Protein chains: 4
Amino acid sequence: MTTNIAGLLKSRGVSLQEIAEIVFLLQKTYSPNLTVDLCLEAVEGVLKKREVQYAIMTGIALDVLAEKKLLPGDLQQIVESDEPLYGMDEVLAFGITNMYGTIGITSFGYLDKQKIGVIGKLNANKQNQVNTFLDDIIAGIAAAASARIAHQMARKPAAK
Amino acid sequence: MTTNIAGLLKSRGVSLQEIAEIVFLLQKTYSPNLTVDLCLEAVEGVLKKREVQYAIMTGIALDVLAEKKLLPGDLQQIVESDEPLYGMDEVLAFGITNMYGTIGITSFGYLDKQKIGVIGKLNANKQNQVNTFLDDIIAGIAAAASARIAHQMARKPAAK
Amino acid sequence: MTTNIAGLLKSRGVSLQEIAEIVFLLQKTYSPNLTVDLCLEAVEGVLKKREVQYAIMTGIALDVLAEKKLLPGDLQQIVESDEPLYGMDEVLAFGITNMYGTIGITSFGYLDKQKIGVIGKLNANKQNQVNTFLDDIIAGIAAAASARIAHQMARKPAAK
Amino acid sequence: MTTNIAGLLKSRGVSLQEIAEIVFLLQKTYSPNLTVDLCLEAVEGVLKKREVQYAIMTGIALDVLAEKKLLPGDLQQIVESDEPLYGMDEVLAFGITNMYGTIGITSFGYLDKQKIGVIGKLNANKQNQVNTFLDDIIAGIAAAASARIAHQMARKPAAK
């Protein structure tokens, strides 16, 4: 597969650096020697997984198709308005986090609720772009990268 | 929401009766008094859940958009060809089963592997229609209805 | 099954009222007419599900066995110390939330991170009692009850 | 952590070689050059993950404690008898598979239903030993190793 995932995220307004900054906020308490550069490496590591790439491609496709008014039936309005009881965005995004085990659940939920960093920016930018899937996907990637770092460091107290 | 889910499934070639027949095959060993009609009631019960409806609408939308060649980038070819390592169809479909707890995992995996009943028909009909998400969704609904029956009967030995 | 789940939770220091209060904090923004009594009803509804009862019984058993130093091998120390990379507590607890679909992921993660209400009390009471599974289980029940309310109300903006 | 996971499995009657043989049966259709030795390497790779080790240790602990009649309340009888509606064994085991993404769901469910190889042997040996968690755990490890091989080969048609 040749899809440039970093380029795809960039085309939707998100840089890997911005995701790395979220990871740094999540993990710095637990890992005193952590740097944003190490977080960026972790994000890049997460994005190498094929299943992660598929989740990102699928979620962004649904956002883009909603923008173009191409989704069939009621789904158009549901995705376009980020209907609160629609959970498929969480389903796809949480699949990313889950690749690094269950300790990422906590970070994922926290990010999704608190809208930290670029996630908040995306959420505020709903006028110009459909970000229904994208904001959850960024939370999923950041939580996965955090779990990856926690497992690698394997020191206490680690991310939980 | 007013989407007619039974009608949507029918438009893709699947009747609730056909799903009920799969449920009957799965559960009859464990529930001697089971009938196809009771299985149909269980299927209808599953389809009343909002989250189930959203999963079905989303999966079928992706199949239909692939048929119309409207998916962006590599995703078009991946969904159109039912790429074996693409797991988003399982993710969406398994979310349906999961609403009835974990005992449905086994049935879901078994159906997905053995392609029983209408699932096999869909799988054989790939020339005329993209069924990448639909076959998993049918397995997800049937496994959910089985788990629903098992929980309701709560007699041993039940579905596991 | 005759296990008294409310009694089991009480024996570990948690009342249903305390869980209902967490649900109220989570949901009141989205549901202006919500009361703690309605939250208590939702909690009781969640606790009626057999799979929820099994998750609670299993998690509390592991806490109690750790207290009695009866867990085999390294597991004793891992559960007793609430080892941060041990994720089985989240796995069991998140299974409770998942019964109400994916919109509960966010609340679950948020509660697990922020340690709201009785969850914080449990976390602070680690000297006298092993609560490795219990605090996650309470978060799982509260997130499930929140999702249950959100689905029932089905008004926007709801819990997400 | 110093727990010898291969030794722990062996103490319950399962060799890594037996798990590798299940993986070989699952994957040989898709990977003509596959050998049992390559499957054994994949199994060993799966067992190196900390979260996998924790799931195995927890599940086997519950089996062993049930054998010793040490589980509290109704849980003793539920685990001892492998109560069909108890799903915590699937929850723990499926967490293993999930580390390699969702394509493993199918294999996991199939193995759990068909009781192939050593899984069937465990299931038949319930008189002498409680294997409620162990048989699901072996299915989880084998499905994870299959998914690992499928992702590594990344050739079509792969395991799904």
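Two helices count as roughly antiparallel when the angle between their N-to-C directions is over 145 degrees. Keep that cut-off in mind for the first stop on this tour of a predicted model.

**Stop 1: a helix pair in chain C**

Select residues 50-67 of chain C, which form helix 4, and residues 88-98 of chain C, which form helix 6. Their axes lie 8 Å apart, and the packing angle is about 160°. Helix 4 and helix 6 of chain C are therefore roughly antiparallel. Turn the view until one helix sits in front of the other: helix 4 of chain C passes helix 6 of chain C in a left-handed crossing.

Now show side chains where the two meet. From helix 4 of chain C, pick C:E51, C:V52, C:A55, C:T58 and C:G59. Facing them from helix 6 of chain C are C:D89, C:L92, C:A93, C:G95 and C:I96. Colour this contact by class and you should find five nonpolar, three polar and two charged residues.

**Stop 2: chain D against chain C**

Next, bring chain D into view beside chain C. How many residues of chain D are in contact with chain C? There are 24, and they touch 24 residues of chain C. On the chain D side, helix 4 (50-67) and helix 6 (88-98) each supply at least two residues. Helix 4 of chain D gives the most, with nine residues. By class, the side of chain D that touches chain C divides into 16 nonpolar, five polar and three charged residues.

Try superposing the two chains. A rotation of 180° with 0.0 Å of shift along its axis places chain D on chain C, at an RMSD of 0.0 Å. That is the relation of a two-fold axis. The same surface serves both copies, as 100% of the contact residues of chain D recur in chain C.

**Stop 3: helix 7 of chain A**

Finally, move to chain A and select residues 104-114, which form helix 7. Is this helix largely enclosed or largely open? Nine of its 11 residues are buried, so helix 7 of chain A is largely enclosed by the rest of the structure. The buried residues are A:G104, A:I105, A:T106, A:S107, A:F108, A:G109, A:Y110, A:L111 and A:D112.

To see what covers them, add helix 2 (16-27), helix 6 (88-98), helix 8 (118-124) and helix 9 (134-153) of chain A. Then switch on chain C, since the cover also includes helix 6 and helix 7 (104-114) of that chain. Before leaving, click on A:K115, which follows helix 7 of chain A and has a positive phi, near 55°.

How values were computed: Residues numbered from 1 in each chain as written. Chains lettered and ligands numbered in written order. Predicted model: local features only at pLDDT ≥ 70, side-chain atom pairs only at ≥ 80, totals over all residues. Least-squares fit on C-alpha atoms with pLDDT ≥ 70 in both. Contact = placed C-beta atoms within 7 Å. Helix = DSSP H or I, 4+ residues; strand = E, 2+ residues; numbered from the N terminus. Nonpolar A, V, L, I, M, F, W, Y, C, P; charged D, E, K, R; others polar. Axes fitted to C-alpha atoms, helices over the stretch in contact; angles between N-to-C directions. Parallel < 35°, antiparallel > 145°, perpendicular 65-115°, else oblique. Left-handed = near helix turned anticlockwise from the far one by under 90°. Buried ≥ 20, exposed ≤ 12 C-beta atoms within 10 Å, placed from the backbone.
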